[in-house]
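Student: Hi! I have a model open on my screen and could use a guide. Can we go through it together?
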Amino acid sequence: MANNIEETEIDLPRLGPVPVRLRISARASRLKLRIDPGFDGVEIVVPNGISRKTALSMLRQHIDWIEAHLSRLPDRVLFVPGAWVPFLGNEHAIRAVPEAKRGVWAESGVIWVSGAIEHSNRRVADWLKKQAKLEIAPRAHAYAEEIGKKINRISIKDTRTRWGSCSSGGNLSFSWRLILAPEDVLDYVVAHEVAHLQELNHSPRFWKVVDDLYGSSAKQQHWLKRNGSGLHRFGAGE
């Protein structure tokens, strides 16, 4: 595969055509198969030097596993009037007020969206991304100040496999979908990534920094492992 990512599909006996993404990773040491709830399909992480044929053969060996996991994905929830979505972990109903001039706003358990109803999914998604930045950035800078570090830049993205990342240059990146998670989970992820400004690894020293910044995080880590993939079922798929 010449490119880092190739998209194809596989025809499954009980589910029909299913999208497949093959992603070459220089860091991967072995083939890894995962369900990607963000695009209702399967992703294979392919180490350098492994052929496309070998990667695709892995799919055929795990058809039952793929079908079982895809069939258990929760329904996708679009950001449209009548839908219920979590905002900082609290369920909110989306309601349309086409004639209003306030854009999108949250109030008393409701996310109100003005303008043409057919644009509500995009407008609410854009609003949630802005809210994510508003929640994450101040927390990140406050945590960084606690350990005497400076943040170069904070980016909000729609990452598939990470809730956050930290570069050696002091750039932090976070998934906007953290705004859907409970507030303590969002706060933990922010502390986790800021801790990488001091320890760019997952050594005992790193976890000591996390504990000093946030405290015990076992509950929040468990929540992400159990519920994190479900956050990718909100909004339109690819």
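Student: Which residues are buried in helix 1?
Tutor: Happy to help, and keep in mind that this is a predicted model. In helix 1, which spans residues 52–61, the buried ones are Ala-55, Leu-56, Met-58 and Leu-59. They sit on the same side of the helix, because they cover an arc of only 140° around its axis.

Student: OK, and which residues are exposed on the other side of helix 1?
Tutor: There you'll find Lys-53, Arg-60 and Gln-61.

Student: What do the buried residues of helix 1 pack against?
Tutor: Their partners are strand 1 (5–12), strand 2 (16–25), strand 3 (32–36), strand 4 (41–47) and also helix 2 (63–71). Helix 1 lies across those four strands, at about 140° to strand 4. Helix 2 packs on the sheet too, touching strands 1, 2, 3 and 4, and its direction makes about 25° with that of strand 3.

Student: In what order do the strands of that sheet come?
Tutor: The order is 1-2-4-3, in an open sheet with mixed pairing. Strand 1 and strand 3 are the edge strands, each pairing on one side only. From one strand to the next, the twist averages 30°.

Student: And how many bridges join strand 1 and strand 2?
Tutor: They pair over 8 bridges, in the antiparallel sense. If you want a spot to look at, Glu-9 stands opposite Pro-19 of strand 2.

Student: New topic: how many residues are in the largest nonpolar core?
Tutor: It has 48 residues, and Phe-79, Leu-128, Leu-172, Ile-179 and Val-194 have the most contacts inside it. Helix 3 (120–146) gives the largest share, 10 residues. Apart from this core lies another one of 17 residues, including Ile-10, Val-42, Ile-44 and Ile-66.

Student: What does Phe-79 touch?
Tutor: Leaving out residues up to four places away in sequence, its contacts include Val-85, Ile-94, Val-124, Leu-128, Trp-176 and Phe-234.

Student: One last thing: is Gln-220 buried or exposed?
Tutor: Gln-220 counts as buried because its relative accessible area is 6%, and the cut-off for buried is under 20%. You'll find Gln-220 in helix 6, residues 218–227.

Student: Which side chain does the Gln-220 side chain make a polar contact with?
Tutor: That would be the side chain of Asp-184, at 2.7 Å. Setting aside neighbours within four places in sequence, Gln-220 is in contact with Asp-184, Val-185, Tyr-188 and Tyr-214.

Notes:
Residues numbered from 1 in each chain as written. Predicted model: local features only at pLDDT ≥ 70, side-chain atom pairs only at ≥ 80, totals over all residues. Heavy atoms only, no water. Buried < 20%, exposed > 50% of the residue type's maximum accessible area, 1.4 Å probe, protein only. Helix = DSSP H or I, 4+ residues; strand = E, 2+ residues; numbered from the N terminus. Arc of directions from axis to C-beta. Contact = heavy atoms within 4.5 Å. Polar contact = N/O pair within 3.5 Å; in protein donor to acceptor, adjacent residues only side chain to side chain. Pairing = 2+ DSSP bridges. Axes fitted to C-alpha atoms, helices over the stretch in contact; angles between N-to-C directions. Core = buried A, V, L, I, M, F, W, Y, C linked by side-chain atoms within 4.5 Å.
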